[in-house]
Amino acid sequence: QVTFVESGGGLVQPGGSLRLSCVASRTISSLYVIGWYRQAPGKQRELVASITYNGGTHYADSVVGRFTISTDNAKNMVNLQMNSLKPEDTAVYLCKVVNAPSSWGQGTQVTVSS
C-alpha cells in the first residue's frame with residue numbers, strides 16, 4: 001500500500017494562506033485518485049479535495065474558490081494551496097488514495113486563529 005508523509009501545516013491568521021504537501025512512499029499509479037482529507041476535533045473526517053493522475057479535480061463546497069489541489073507526478077507529490085483561511089479550516093490534514101486501499105499518515109496540523 002502507498003502511504004504519504006504530509007507537511008506544511010502551521011498556525012496562520014484568518015485570511016492567511018498555507019501550502020501543504022504530501023509525498024508518496026512509491027510511484028503513484030495513474031489509476032489512483034489522491035485526496036486531501038481533514039479531521040477536526042469532534043467532527044467526522046472530511047474529503048476536501050481530490051485529484052486524478054491527469055489533473056481532474058473535485059472540491060468540497062466549503063473550500064471551493066479557496067483551495068487548489070495539484071500534483072507533481074515526477075516527484076510523487078500532491079499539494080494543497082489554501083487561501084483565505086477561516087477558523088473552521090482548523091484541522092489535521094491528511095493525504096490518502098481515495099479509490100484503493102491505502103494507509104493513513106500522521107497528517108499535518110493547520111490552525112487558523114488570531
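## Contacts around S50

Contact here means that heavy atoms lie within 4.5 Å. The model described in this report is predicted. In this model, S50 has its place in strand β5. Leaving aside neighbours within four places in sequence, S50 is in contact with V33, I34, G35, G56, T57, H58, I69 and V98.

Is S50 buried or exposed? Buried means under 20% relative accessible area. S50 counts as buried because its relative accessibility is 10%.

## Strand β1 and its partner

Strand β1 covers residues 4-7, and its side chains alternate between two faces. F4 and E6 point to one face and are buried. V5 and S7 point to the other face and are not buried.

The partner considered here is strand β3, residues 18-24, which runs antiparallel to β1. The two strands are joined by 4 bridges. Within this pairing, V5 stands opposite V23 in β3.

## The nonpolar core

In soluble globular proteins, nonpolar side chains tend to be buried together. The largest nonpolar core in this model has 31 residues. Those that touch the most other members are F4, W36, L80, M82 and Y93. Several strands each supply at least two residues of this core: β3, β4 (33-39), β5 (46-52), β7 (67-72), β8 (77-82), β9 (91-97) and β10 (108-112).

F4 belongs to the buried face of β1. L80, another of the core residues named above, stands in β8 opposite I69.

## The cavity

How many cavities of 30 Å³ or more does the structure hold? There is 1. The largest cavity has a volume of about 40 Å³.

Its lining is made up of I28, Y32, I34, I51, T52, Y53, T71, N73 and V78. Of the residues in this lining, 6 are nonpolar and 3 are polar, with no charged residue. I34, one of the lining residues, is also among the contacts of S50.

## The β7-β8 hairpin

Strands β7 and β8 form a hairpin with 4 residues between them. The two strands run antiparallel and are joined by 6 bridges. In this pairing, I69 stands opposite L80 in β8. I69 is also one of the residues in contact with S50.

The loop between β7 and β8 includes N73. N73 counts as partly exposed because its relative accessibility is 28%. N73 is also one of the residues that line the largest cavity. The C-alpha atoms of N73 and Y93 are separated by 20 Å, with the two residues 20 residues apart along the chain.

N76 has its place in the loop between β7 and β8 as well. Unlike N73, which is partly exposed, N76 counts as buried, at 16% relative accessibility.

## Two residues with positive phi

Most residues other than glycine have a negative phi. N76 is not a glycine, yet its phi is positive, at about 50°. This residue is in the turn of the β7-β8 hairpin.

S84 also has a positive phi, near 50°, and is likewise a residue other than glycine. Where does S84 lie? S84 is in the loop between β8 and β9. S84 is partly exposed, with a relative accessible area of 40%.

## A91 and T108

A91 is found in strand β9. It counts as buried because its relative accessibility is 1%. Not counting residues up to four places away in sequence, A91 touches R38, Q39, A40, T108, Q109 and V110. The C-alpha atoms of A91 and Q39 are separated by 5.3 Å, although the residues are 52 residues apart along the chain.

T108, one of the residues touched by A91, lies in strand β10. T108 is buried, with a relative accessible area of 8%. Which residues does T108 touch, not counting those up to four places away in sequence? They are E6, S7, G8, G9, L20, A91, V92 and Y93. Among them, E6 and S7 are residues of β1 that point to opposite faces, E6 being buried and S7 not. T108 and S30 are 25 Å apart in space, C-alpha to C-alpha, and 78 residues apart in sequence.

Notes:
Residues are numbered from 1 along each chain as its sequence is written. This is a predicted model: local features need pLDDT of at least 70, side-chain atom pairs count only at pLDDT 80 or more; totals for chains, interfaces and linings use all residues. Side-chain values use heavy atoms; hydrogens and water are left out. Buried means under 20% relative accessible area, exposed over 50%, partly exposed in between (1.4 Å probe, protein chains only). Two strands pair if DSSP finds at least two bridges between them. On a 1 Å grid over the protein atoms alone, a cavity is a set of points where a 1.4 Å probe fits but cannot get out, and a pocket is an open set with protein on both sides within 12 Å along at least five of seven lines; lining residues have an atom within 4 Å of a point. Grid points are joined across faces, edges and corners, and a volume is the space filled by probe spheres set on the points. Ala, Val, Leu, Ile, Met, Phe, Trp, Tyr, Cys and Pro count as nonpolar, Asp, Glu, Lys and Arg as charged, and the others, Gly among them, as polar. A nonpolar core is a set of buried Ala, Val, Leu, Ile, Met, Phe, Trp, Tyr and Cys residues joined through side-chain atoms within 4.5 Å.
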